[in-house]
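Ready for a short walk through a protein? Open your viewer, keep the selection box handy, and follow the stops below.

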Amino acid sequence: MAEEIKDWVVEQGLSAGDRLPGEAALMSRFGMAKGTIREAMRILEAQGLIRTRTGPGGGSFVHEVSSKRAKALLGNYFYFKNLTIADIYQLRRALEPELAATLAGKVDAKALRALAGHMESYAAPPETLEEERLHHIASLKFHSLLAEQASNPLLGFVIDFMAELLSDITVYRRLYAPPNLELWSAGRDHQHRLLAAIRDGDTDAARAVMADHMEVALSHMQGQEAERMRRFISE
């Protein structure tokens, strides 16, 4: 029943904020009992697809699922999948160089300044393990900010999700330890060169820089993952 209601919403061209028919009208439209309609509406509300308000002007309304909620639900799905760094980078290596290529010459000056400004949060090499952790998170956030510029919403969402997933795994598994100044330096160099290529509209350079960045990051992260596993076994 919930799926039928979703299909009907699409067929009617309803959008976020539009009011759904009342319970009696839904019962009549779909030929279902009150209990079935109520359970279907509870399912849709749990999925974030409708929002119910009480009081004057209340009722059930179409609700757009936020990117944050979608990523949280998807993250819960992968929580018990025991993803490896290689699993995540298999997708990152395929998608992020193409994102960079599609953005070349198409990111406005304001967004480029925002990306460059974000890099200032890790402009100096980390001096403590806590700073290393924060740098890792901020560096991955750069990729989420870049994904926001994607003209393809699916591509942007997947890359943003992977960056956040990797950030969570990095913190949870303490893959930022021990600090690595070589990775910090290489990462900032890649990001500077990437922004320059995007600003200049150089598609090939943007793709190549991001591809190289993915390879260097993968190598380091797998090394950290292996080291963490050795420490875990020894403990």
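**Stop 1: Isoleucine 198 and its surroundings**

Select isoleucine 198: apart from neighbours within four places in sequence, it is in contact with Ala100, Leu103, Ala104, Gly105, Val107, Leu112, Leu146 and Ala206. Contact here means heavy atoms within 4.5 Å.

A word on what you are viewing: this is a predicted model, where local features need pLDDT of at least 70 and side-chain atom pairs count only at pLDDT 80 or more, while totals for chains, interfaces and linings use all residues. Residues are numbered from 1 along each chain as its sequence is written, and side-chain values use heavy atoms, leaving out hydrogens and water.

**Stop 2: The cores**

Now add Ile85, Tyr89, Phe142, Leu146 and Leu194 to Ile198; these six touch the most other members of the largest nonpolar core, which has 39 residues. Such a core is a set of buried Ala, Val, Leu, Ile, Met, Phe, Trp, Tyr and Cys residues joined through side-chain atoms within 4.5 Å; buried means under 20% relative accessible area, exposed over 50%, partly exposed in between (1.4 Å probe, protein chains only). Colour α5 (85-103), α6 (109-119), α7 (129-147), α8 (153-172), α9 (181-200) and α10 (203-234), each of which supplies at least two residues of this core. Helices are DSSP runs (H or I, at least four residues), numbered from the N terminus. Next, select Trp8, Leu26, Met41 and Val62, which are among the 13 residues of a second, separate core.

**Stop 3: Two loops**

Go to asparagine 82, in the loop between α4 (67-78) and α5. Its phi is near 50°, a positive value in a residue other than glycine. Is asparagine 82 buried or exposed? Asparagine 82 counts as exposed because its relative accessibility is 60%.

Finish at arginine 174, in the loop between α8 and α9. Arginine 174 also has a positive phi, about 55°, although it is not a glycine.
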